[in-house]
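Subject: Structure handover and notes

Dear colleague,

I am handing over a structure that you have not worked with before, together with some notes on what was found in it. Please have it open while you read.

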Amino acid sequence: MGSLVRKSRLVSGCVVLSYVFLLPRTGLTQESATDTLRRQVTEMQEQLKKALERIDQLEKEKSATSGKIDQLESAAAARIGQVEQSVRGVQGAPSLFNPAIGMVIDATAEHRGKAGGNFNFRAGEIGLSASIDPFARAYAFVNGNNDGVEVEEAAALTTALPWNLTAKGGRFFADFGRLPKYHQDALPFVNFPLAIERMIGGESQADGAELYYLFPTPFFLRATLGGMNKIGAENERVDNTKSRSWSQFTYMGRLSSYFDLTDNHSIELGSSLAYTPSVRISGDPSGSDRILSGVDMTFRYQPLASTLYQGLVWGSELFTNSERFPFDDGAKRRRGYGGYSYAELKLNKNWSTGFLFDYAPMVDNPSQRTLGYSPFLTWQISEFNRLRFQYSHLSNNFKADKAENGNQFFLQWTTVMGVDIHGFQIR
């Protein structure tokens with residue numbers, strides 16, 4: 001029994017010693033493991049934080065790189081689109097590298113009083129027009145008729161001069177008056193008024209140069225200055241193939257304007273002057289100057305709702321010519337006045353009618369004059385096909401040519417192939 005008690009005390013003592021010596025060591029071990037774990041967790045947090053920051057940095061770099069790539073791709077796509085558009089434009093419009101070409105055929109069946117009748121082939125006119133480069137464009141008209149083949153116009157115009165300036169050079173219809181610079185097939189009636197034929201010499205054809213200035217005004221106002229051999233296709237005062245002193249050239253100026261009076265009414269006004277310092281004539285070797293001037297007015301009534309198919313056009317021009325002419329008793333100065341006035345009523349898209357009055361003196365003897373009265377009727381079959389009937393009565397106070405006297409009848413047929421280079425002149 002006593003031995004059992006001693007053993008129990010021995011075991012109890014060992015247990016106490018174990019708690020005394022072993023328990024503190026175990027606590028220290030657990031505390032050290034906790035610190036280590038905390039430190040490792042902290043390190044992992046730091047590494048995770050750095051990893052997240054690196055990921056953010058990589059994302060930003062990726063976004064920036066992606067944006068640059070997108071910009072480059074967009075720019076490349078836009079450039080490719082422009083190239084493809086240019087290629088399609090060239091493929092779809094090969095005429096960009098070729099001039100616009102058109103041809104006008106103009107013929108009449110006519111009866112001129114005592115002179116009799118005739119089928120008159122007046123014009124087979126080929127027109128060419130093209131841009132030369134960003135700085136100029138050019139156009140030409142080659143006309144063949146009963147008198148032969150002639151280059152009516154062949155001129156170049158600038159397109160990029162500063163200060164609202166435009167220059168033209170070559171052979172062209174000078175900017176003198178209104179109707180004198182029209183081609184015959186573009187007139188609102190069949191023939192040129194006799195006043196234009198006698199005082200100017202028909203179409204205002206000229207070999208030379210012109211300079212235009214467009215004023216910076218709220219309405220259209222343009223000035224023209226020019227120098228040329230002569231004005232007038234039928235003007236025989238000067239030979240284009242011969243050289244001469246500069247005093248024998250013709251110098252021209254014109255001022256023209258356009259105003260909208262109301263939404264339906266407009267008016268064009270113009271004033272022209274051509275001056276030749278010296279005109280050589282037989283019997284007067286010293287020569288003398290020639291002054292040709294004119295004023296023109298065009299009034300239009302164009303209802304907005306008619307889309308150009310109805311309306312009224314009234315146009316008038318007055319010319320004066322002053323120069324010396326040779327006579328048996330010496331050279332004498334003659335001053336003559338002439339002109340015309342017409343009105344055209346547009347009934348609808350296809351039909352129009354009008355009346356022309358013509359007062360035409362002889363320039364070398366203004367007391368001799370011709371009065372003309374011409375009603376006309378136009379059937380615009382299409383934009384490229386037109387028939388016109390005109391009756392004219394010419395009355396002279398002198399013995400005139402048979403073809404310029406009495407009752408005259410005209411049936412005009414005008415057709416256009418391709419592009420009408422004349423443009424929309426009559427409006």
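The notes below go from the chain as a whole to a few strands and residues.

Please keep in mind that this is a predicted model. The average pLDDT of the protein chain is 84, and 81% of the residues reach a score of at least 70. Over residues 15-30, however, the pLDDT is below 50, and this stretch has three contacts in the model beyond its near neighbours in sequence. A second such place is residues 90-94, where pLDDT stays under 50 and the model has one contact beyond four places in sequence. Where pLDDT is low, the predicted coordinates should not be read in detail.

On the chain as a whole, the protein has 427 residues, of which 35% count as buried, and its secondary structure consists of three helices and 16 strands. If one takes the contacts between residues at least 6 apart in sequence, 53% of them join residues that are at least 24 apart. The accessible surface comes to about 25100 Å², and carbon and sulfur atoms account for 61% of that area.

Three of the strands can be followed one after another along the chain. Strand S13, which covers residues 351-362, pairs in the antiparallel sense with strand S14, residues 365-382, over 12 bridges, and a hairpin of two residues joins S13 to S14. Within this pairing, Gly354 stands opposite Phe376 of S14. S14 also runs antiparallel to strand S15, residues 385-396, to which 10 bridges join it, and here too the two strands form a hairpin with two residues between them. In this second pairing, Ser382 stands opposite Asn385 of S15.

One residue of S13 that you may wish to look at is Ser352, which has its place in that strand. With a relative accessible area of 8%, Ser352 falls under the 20% cut-off and therefore counts as buried. Leaving aside residues up to four places away in sequence, Ser352 touches Glu344, Leu345, Lys346, Leu347, Phe376, Leu377 and Thr378. With one of these, Glu344, the contact includes a polar one between the two side chains, at 3.1 Å.

The aromatic residues form a further topic, and a search of the whole structure finds 11 aromatic pairs. One of them is formed by Tyr139 and Phe141, whose rings are edge-to-face, with 6.1 Å from centre to centre and 65 degrees between the planes. Both residues count as buried, Tyr139 at 12% relative accessibility and Phe141 at 5%.

Which arrangement do the rings of Tyr340 and Tyr342 have? Their centres are 6.5 Å apart and their planes stand at 25 degrees, so this pair is stacked. Tyr340 is buried, with a relative accessible area of 4%, and Tyr342 is likewise buried, with a value of 1%. These two tyrosines belong to one aromatic cluster together with Phe189 and Phe376. Phe376 thus links several of the notes above, because Phe376 is the residue of S14 that stands opposite Gly354, it is among the residues touched by the buried Ser352, and it is a member of the aromatic cluster.

With kind regards

Definitions and conventions. Residues numbered from 1 in each chain as written. Predicted model: local features only at pLDDT ≥ 70, side-chain atom pairs only at ≥ 80, totals over all residues. Heavy atoms only, no water. pLDDT = per-residue confidence, 0-100. Contact = heavy atoms within 4.5 Å. Helix = DSSP H or I, 4+ residues; strand = E, 2+ residues; numbered from the N terminus. Buried < 20%, exposed > 50% of the residue type's maximum accessible area, 1.4 Å probe, protein only. Areas by Shrake-Rupley, 256 points an atom, 1.4 Å probe, with all protein chains shown as cover. Pairing = 2+ DSSP bridges. Polar contact = N/O pair within 3.5 Å; in protein donor to acceptor, adjacent residues only side chain to side chain. Phe/Tyr/Trp six-rings, centres within 6.5 Å; stacked < 30°, edge-to-face > 60°.
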